Amino acid sequence: MFQSKWTYIGAVIIAVFALAAIFAPWLAPYNPYDMRLAEQLSLPTLEHFMGQDANGVDIFSRLMHGARISLSVGVIVVLISGTIGITMGLVSGYYGGWPDTILMRLVDILMAFPGLLLAIALVSVLGPNILNVVIALTVLGWVSFARLVRGQVLSVKEREYIQAARTSGQSDARIMVVHIFPNILSPVIVQATFSVAGVIIAESSLSFLGLGAPPGTPSWGAMLSEGKQVILEAPHVSIFPGLAIMLVVMAFNFLGDGLRDRFDPKSTIN
Amino acid sequence: MTYKRHLKTALTRYVCQRTGIIALFLIANLLLPPGPGWGEGAAYAAEFRVGLENAPKTLDPRYATDAYGMRITQHLIFDTLVTLGYDLQIEPSLATRWETPDDTTYIFHLKDGVTFHDGTPFTAEDVKFTFEHLMDETTKSPFAGTYKGKISRIEVLDPKTIKFVLTQPVASFLTSIILPVLPRHIIEGGQDFPTTLIGTGPFKFVSQSPTDLRFEANKKYWEDPPGCDRIIFKVVKDENTRFLKMKKEEIDLLVNALSSDKIKFFASGALHKAYQVIEEPGISYNYLAFNMADEKMKDNTLRQAIAHGIDVDEIIKYKLAGHAIRARGLLSPVNWFSEPDVPVMVYDPEKARQLLDKAGYKDPDGDGPRTRLTVEMKTSNNAEITAIARIIQAQLLKIGIHMDLKSYEWGTFYGDIKSGNFQMTSMRWVGVTEPDFYYDLFHSSQVPPAGRNRGRYINARVDDLVQQGRVTLDPDARKRIYSKIQTIVAGELPYISLWHLNNVSVVHRRVKNYRQHPMAGFFSFKDIRVE
């Protein structure tokens, strides 16, 4: 189905992390909140194969629970922002005129802000917690979907089958949902895959800055931030969460590349 | 294809050229002798390099309220009338002696032969000007409130004698006047004071940038001239970078600017040959505060249960690597006023559970996951405070209390604390020397916005005692008053006392005569010699 083996590798990595996230409470060898201060910063051993952090908590168990936050924030933000963006893009592209002008100027305004800075500002105002991280990233995330969908709608809406549907008296809503949307779905799926990777990085960045999950919650970005304090004497505390973020983001990008090669007729592989 | 080949050739040529240039540069580097300008590591013999975590907010002594700003202004650029010695007792400085003919009059005799950095002699007029200028509303100095309503008038008796008349007896008066004496001729004369910073101190201000502050010795200082020619403060915000700069011997001294994880590298091994670690009890105070106006928190039994559920010794041992001592109250044992015999809530989870039962918070499911109650703790997003709060959260969970930990950026956090929008919080007081601080923290009139009684602690007996402490001038009688206050507060637990951090200086062995002060100040810099 896919021409590159990297697509499959990406899918497998995502599947492994997703399973680890879903079954973390049963699979994790230790409680991710169980502090053993006497064993702080212990190096990897057979019992704790990624070692223990500054509070003596098992890093592997925290990583597994952290996957729940990273992946769920990634997927939820993309689902919500995708839904909003697709709706906006469909309306904007299909109707044109003033709805198009207003929506696209709004998109321009939001795109003019440096993304992460706006997210930091929003979370600072709303207060640091996961829900507000989702809100902030959604506020930013729908824009790229809206712009992509609008462009696709513009190219599709003049086709004969849309003309035919319109002539046969179908409602605008039905034309958009039943006739246009399925025909522009492929680039949207590709965009969604890349967006998940972007959101995971953004969530980790916000948590790294102390603007994500509350202190103590196992979150990859926060683990990386805690590790930074002791990076000279105990690099393993930051290496493992760093690797986890890198692997997942890379996997989503592999998958996105594969999907794009599969769906985009303009893209070819040498 | 042709284009690609061209590109490749051009790239190869570019890389070769660049590599050649770099190689030549490296060879030249190896052949040339290292001069003083080569790398930051090369230091001048009499240059003393001190690392700071943050730049002082201002060096204008009228407005400097942050620790580094106050240390630099009080100990380096300027002098004060009196000072706090290494035993935290008042000692002479610009005032050689003083007398108190009655409870509200202080007459100070000033030192002869003292001049400002520009050569102008220092007189009693400068002292009078300093305090009147600080009290003047147009100056907008944060120190105005310290003197307003307390100093009735200041009289210059002669150029070297000055009289302060107070409105009422003020026991903390001598401590309260430890502020830099300003040059009247510069400020009144309309000259530029904030950038020249002319004082009488052992060091002259040279320059300031966001990353370094430079001072040079005042060779005409009224005591022995300083032992080093220059002091450079290097502002290095990141702890890992500070550590690496120490490792490269680019910094001679760090005071309380390394975590316990890093200090251990200087206490033994290779770095121990270059540096020594000086550790002594400090006077900072870490505590947990309750909002006594909160429905849950006003119950003393619950507060006691929480106090018995926190294993302070475990945190000191592992998280602070022993660089702190257990606190029994606001005043460190170094302080003469500290009362050692007060109730201490030792770690006793069983007793904590019994107290929770008594307070009506029964265990809903034995060993099950449900907790007895939830309390909310707000902290700033300072990494160290948050890390400690997480450990306390884990400890309280063991006695069945779910602590909902929320950390905010400073502005939001501080706003909530001042407005009483919290149940528990954890903070630190630094530089606590004067027991009159109990008035600020626990007198009922000091609930914000008026003062710093943020926990809304109201106790008529304590109100009465702190008021007495303010006006009792006899030190022994005053000590007895503060002993009573410390005992009451330790039992009523508006604060849970955690620890006093030790002062830890890591100092290069080429630096001689460095002495650590309980306030971690820069008192000994004028005596330092750099070999």
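Which residue in S18(B) does Tyr287(B) stand opposite? The partner is Ser497(B). Keep in mind as you look around that this is a predicted model.

## Strand S13 and its neighbours

Let's start with the strand that Tyr287(B) helps to build. S13 of chain B covers residues 285-290, and two other strands pair with S13(B). One of them is S17(B), residues 424-429, which is joined to S13(B) by six bridges and runs antiparallel to it. If you want a spot to find on that side, look for Tyr285(B), which stands opposite Trp429(B) in S17(B). The other is S18(B), residues 495-508, also antiparallel to S13(B) and joined to it by four bridges.

## Covered on both sides

Is S13(B) largely enclosed or left open by the rest of the structure? Six of its six residues are buried, so the strand is largely enclosed. Here's a handy bit of background: side chains in a regular strand alternate between the two faces of the sheet. Now check the two faces of S13(B). Tyr285(B), Tyr287(B) and Ala289(B) sit on one side, while Asn286(B), Leu288(B) and Phe290(B) sit on the other, and all of them are buried.

## Where two domains of chain B meet

Zoom out a bit and you'll see chain B split into domain 1 (45-74 + 201-281 + 503-531), domain 2 (79-193) and domain 3 (285-501). Domain 1 and domain 3 of chain B touch, with eight residues from each taking part in the contact. Their C-alpha centres are 32 Å apart.

How much area do domain 1 and domain 3 of chain B bury between them? The figure is about 610 Å², and 67% of it is on carbon and sulfur atoms. On the domain 1 side, the elements giving two or more residues are helix H9 (260-267), strand S12 (275-281) and S18 of chain B. You won't find any salt bridges between these two domains, as the count is zero. There are, however, two residue pairs in polar contact, both at pLDDT 80 or more.

## A methionine in chain A

Now hop over to chain A and find Met64(A) in helix H3, which spans residues 59-95. Is Met64(A) buried or exposed? Its relative accessibility is 7%, and anything under 20% counts as buried, so Met64(A) is buried.

Who does Met64(A) touch, leaving aside residues up to four places away in sequence? The contacts are Ala20(A), Ala21(A), Ala24(A), Leu27(A) and Ala28(A). You can also look for Pro241(A): this residue is 177 residues away from Met64(A) along the chain, yet their C-alpha atoms are separated by 10.0 Å.

Note on methods:
Residues numbered from 1 in each chain as written. Chains lettered and ligands numbered in written order. Predicted model: local features only at pLDDT ≥ 70, side-chain atom pairs only at ≥ 80, totals over all residues. Heavy atoms only, no water. Buried < 20%, exposed > 50% of the residue type's maximum accessible area, 1.4 Å probe, protein only. Pairing = 2+ DSSP bridges. Domains from an automatic or database assignment. Contact = heavy atoms within 4.5 Å. Buried area = accessible area lost by both parts, 1.4 Å probe. Salt bridge = Lys/Arg side-chain N within 4 Å of Asp/Glu carboxyl O. Polar contact = N/O pair within 3.5 Å; in protein donor to acceptor, adjacent residues only side chain to side chain.
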